[in-house]
Amino acid sequence: MRDTPDASSASPQGNRPPSEHHSPRTAISLPVHGVRHHVDVEDRWTLGELLRDHLDLTGTAVWADGADVQTVEGLARDGHLSPLQQAFIEHNAPQCGFCTPGQLMMATALLNTIPRPDAAQVQQALVGNLCRCANYNAIVEAVVAAGAQQGGAA
Ligand code: FES
């Protein structure tokens, strides 16, 4: 669900059926992709649960930098994949795709910190993201290529 800036958004229950119990709730205001959402959350919800189950961001791989929440859905702009997403396609980085949102978000954070990482820096940054397809070489190549492109190298 997308919303206009500073407009209220998700219903307290989102897409879920009404809960049988009455868990404690807290009203929060949360910026996601630059759009502020006002949501009445159950105190036990995780950020991932809120994004996936109540804001319909089902590809959720979360990156919260303290100012704004970013998910994989926010990488493309105006219907165009980001250079990193395009590099993933060109290097066949997604196999089954299960790990791809997390790899993309971690790589995005890396490229924001180190614009032109080498393979060792990419491996270090993505070490916590497991790929069940073991497609690590292609993922690293894609991130290095995206960095080189963003840095203006060949
Ligand atoms: S592409 Fe299948 S788990 Fe990584």
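Ala134 counts as exposed in this predicted model, because 10 C-beta neighbours lie inside 10 Å and a residue with 12 or fewer is classed as exposed. Ala134 is found in the loop between α4 (119–125) and α5. The phi of Ala134 is near 55°, a positive value in a residue other than glycine. Most residues other than glycine have a negative phi.

A positive phi is also found at His33, again near 55°. His33 sits in the loop between β1 (25–32) and β2 (35–42). His33 is partly exposed, because 15 other C-beta atoms lie within 10 Å, a count between the limits for exposed and buried residues. A further positive phi, of about 55°, belongs to Asn92, which comes just after α2.

These loops can be placed within the whole chain. The protein has 5 helices and 4 strands. From the N terminus on, the order of the elements is β-β-α-β-β-α-α-α-α. Of the 154 residues in the protein, 28% are buried. Among contacts with a separation of 6 or more, 55% are between residues 24 or more positions apart.

Helix α2 covers residues 83–90, and its buried residues are Leu84, Gln85, Ala87 and Phe88. Seen down the axis of α2, these buried residues fall within an arc of 160°, so they line one face of the helix. In general, an α-helix has 3.6 residues a turn, so residues three or four places apart point the same way. The buried residues of α2 pack against two other helices, α3 (100–113) and α5 (136–150).

Gln85 is one of the buried residues of α2. Gln85 is classed this way because 21 other C-beta atoms lie within 10 Å, and 20 or more are needed for a residue to be buried. Leaving aside neighbours within four places in sequence, Gln85 is in contact with Leu75, Ala76 and Leu104. Gln85 and Leu104 are 19 residues apart in sequence, and their C-alpha atoms are 7.2 Å apart in space.

The packing of α2 on α5 can be described by the two axes, which are 8 Å apart and make an angle of about 135°. The two helices are therefore oblique to each other. The crossing of α2 and α5 is right-handed. On the α2 side, the residues that meet α5 are Pro83, Leu84, Ala87 and Phe88. Their partners in α5 are Ala142, Ala145, Ala146, Gln149 and Gln150. By class, this contact of α2 with α5 has 7 nonpolar residues, 2 polar ones and no charged ones.

Helix α5 also meets α3. The axes of α3 and α5 come within 11 Å and cross at roughly 35°, and the crossing is right-handed. From α3, the residues taking part are Gln103, Ala107, Leu110 and Leu111. From α5, they are Ile139, Val143, Ala146, Gly147 and Gln150. The residues of this contact of α3 with α5 divide into 6 nonpolar, 3 polar and no charged. Ala146 and Gln150 in α5 thus appear in the contact with α2 and in the contact with α3.

How values were computed
Residues are numbered from 1 along each chain as its sequence is written. This is a predicted model: local features need pLDDT of at least 70, side-chain atom pairs count only at pLDDT 80 or more; totals for chains, interfaces and linings use all residues. The arc is that of the directions from the helix axis to the C-beta atoms. Two residues are in contact if their C-beta atoms, placed from the backbone, lie within 7 Å. Axes are lines fitted to C-alpha atoms, for helices over the stretch in contact, and angles run from 0 to 180 degrees between N-to-C directions. Angles under 35 degrees count as roughly parallel, over 145 as roughly antiparallel, 65 to 115 as roughly perpendicular and the rest as oblique. A crossing is left-handed if the near helix is turned anticlockwise from the far one by less than a right angle, and right-handed if clockwise. Ala, Val, Leu, Ile, Met, Phe, Trp, Tyr, Cys and Pro count as nonpolar, Asp, Glu, Lys and Arg as charged, and the others, Gly among them, as polar.
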